[in-house]
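Got your viewer open? Load the model and let's take a walk through it, one selection at a time.

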Amino acid sequence: MDHAPSATAAAATQTRTRARWTILAMLFAVTTINYADRATISIAGPNLKADLGLSAVEMGYVFSAFAWSYVLAQLPGGWLLDRFGTRITYFFSIFLWSLFTMLTGAIGFFTGGAAVAMLFALRLLVGAAEAPSFPGNSRIASSWFPTQERGLAAAIFNSAQYFATVLFAPIMGWLVHTYDWHSVFYVMGALGIGLSFIWLKVIHGPRRHPSINAAELQYIKEGGALVDLEETRHGAEPSKVDVFAAIKELLSNRMLLGVYVAQYCITTLTYFFLTWFPVYLVQERGMTILKAGFVASMPAIAGFLGGIAGGWLSDRLSKAGHSLSVSRKVPIVLGMLLSMSMIGCNYIETDMLVVAVMSLAFFGKGIGALGWAVVADTSPKEAGGLSGALFNTFGNTAGITTPIVIGYIVQNTGSFAGALVFVGANAAVAIFCYLFIVGDIKRVVLTESLVK
């Protein structure tokens, strides 16, 4: 479907539709389920551990399984997105991770080593199936949103990770308490499978969406949206990319490498809050488990609000006429400076002040979490999935390294003081990357890895 000059004339008199915001609502819903399914194992963990008779070491392996396969499957997932398109690849991603989540509820039929092996294998499969999700989000943001709205769009789907904790943690806790740990996996898995079919109904490329009009299509196209990104799946032969040459070309790009390394540092903050923060509250601050559980949700709320604020600020700067580099870098640098405030907790005695400072730090992390907007701004159109996958590989490697490094620091020093300095230092490195390595933020054009 090609909108000719007559359509352009019509667009000038039309009231723009808002189909792109329906697309964004779908991304937010899917990403919320994505993160809720990641958290199922931690909510069900205590009861599951007791029921299956798992040791702490066995549970540690089970907890780590998702991150290992998620990281390793990023590049294959990115290749699938570029090869088959976002809509169908993402559908299978949602369907499969939800199916594997549902099957996890059935491992109670096994015992001993077989149960551990099944649990570990299913968590590996969930991680691998989720791999295309965030690169897919980035591709859709690239094709549906003009540059001046992309910061908010990326911030909204990225903030779903905090919303998932606030919304689903109490629901999953209630399921475990009222029924049993199996029910968490059955309910969340069924919810995801249902959502995968809604996805097929809602998601289309801009040129093929039934609810978009010429005015909205023209608006997003003139604003820098890659409206033809998915069209190569429907007839025209796309330019093929030599995958390994493209990876080498992307990694040799100074701007992208700076963005990738910064994302590793920013994600280190995320995994500190996801893994060690409740332990810090109990071990270092002497809180009860119950109080720590309540307190740990406060930074999640702050992170959600910070994420929305960062996207809003970035787009405001863009609409005010500032360059893409300024409108993306200012919130990231400001956010990481706020995140470094957590180091001050080493010198604070009052519990509530510690909670306030930690919430401020995670609010800053939310503001600075604009990496996916930068990926949407910079990825070459022939390899957007691959670029997003590299970005996510760097970022989620922090999910493997951060818990281990902090564990060693705490074990060897008997205190979290060094751990907070370590996490704060990562925020400083992220600032350095964006100020001194990234340079101008602009879309990369592949030159060496295209195969006609």
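We start with the whole chain, then move to the core and a single helix.

**Stop 1: the whole chain.** Keep in mind that this is a predicted model. Show everything as a cartoon and you'll find 18 helices and two strands. The C-alpha trace spans about 70 × 50 × 40 Å along its principal axes. The radius of gyration is 22 Å, which agrees with the value near 22 Å for a compact globule of 452 residues.

**Stop 2: the surface.** Switch on the surface, and you're looking at about 18,500 Å² of accessible area, with 68% of that area belonging to carbon and sulfur atoms. Now color the charges: there are 29 positive and 24 negative ones, and their mean positions sit 5 Å apart.

**Stop 3: the core.** Back inside, 54% of the chain's residues are buried. The largest nonpolar core has 118 residues; select Leu48, Trp199, Phe272, Tyr280 and Met358, the members that touch the most others. Zoom in on Phe272. Which residues does Phe272 contact, leaving aside neighbours within four places in sequence? They are Phe277, Met342, Met358, Thr402, Ile406, Leu420 and Val423.

**Stop 4: helix H14.** Select residues 324–339 to light up helix H14, then pick out Met336 within it. Is Met336 buried or exposed? Its relative accessible area is 0%, so Met336 counts as buried. Beyond neighbours within four places in sequence, Met336 contacts Ile266, Gly364, Lys365, Gly368, Ala427, Ala430 and Ile431. Finally, draw a distance from Met336 to Gly366: they are 30 residues apart in sequence and 9.1 Å apart, C-alpha to C-alpha.

Definitions and conventions
Residues are numbered from 1 along each chain as its sequence is written. This is a predicted model: local features need pLDDT of at least 70, side-chain atom pairs count only at pLDDT 80 or more; totals for chains, interfaces and linings use all residues. Side-chain values use heavy atoms; hydrogens and water are left out. A nonpolar core is a set of buried Ala, Val, Leu, Ile, Met, Phe, Trp, Tyr and Cys residues joined through side-chain atoms within 4.5 Å. Buried means under 20% relative accessible area, exposed over 50%, partly exposed in between (1.4 Å probe, protein chains only). Contact means heavy atoms within 4.5 Å. Helices (H or I, at least four residues) and strands (E, at least two) are DSSP runs, numbered from the N terminus. The radius of gyration is taken over C-alpha atoms; the globule rule is 2.2 Å times the number of residues to the power 0.38. Accessible areas come from the Shrake-Rupley method with a 1.4 Å probe; for residues, only the protein chains shown count as cover. Lys and Arg count as positive and Asp and Glu as negative; His and the chain ends are not counted. The place of a charge is taken as NZ of Lys, CZ of Arg, CG of Asp or CD of Glu.
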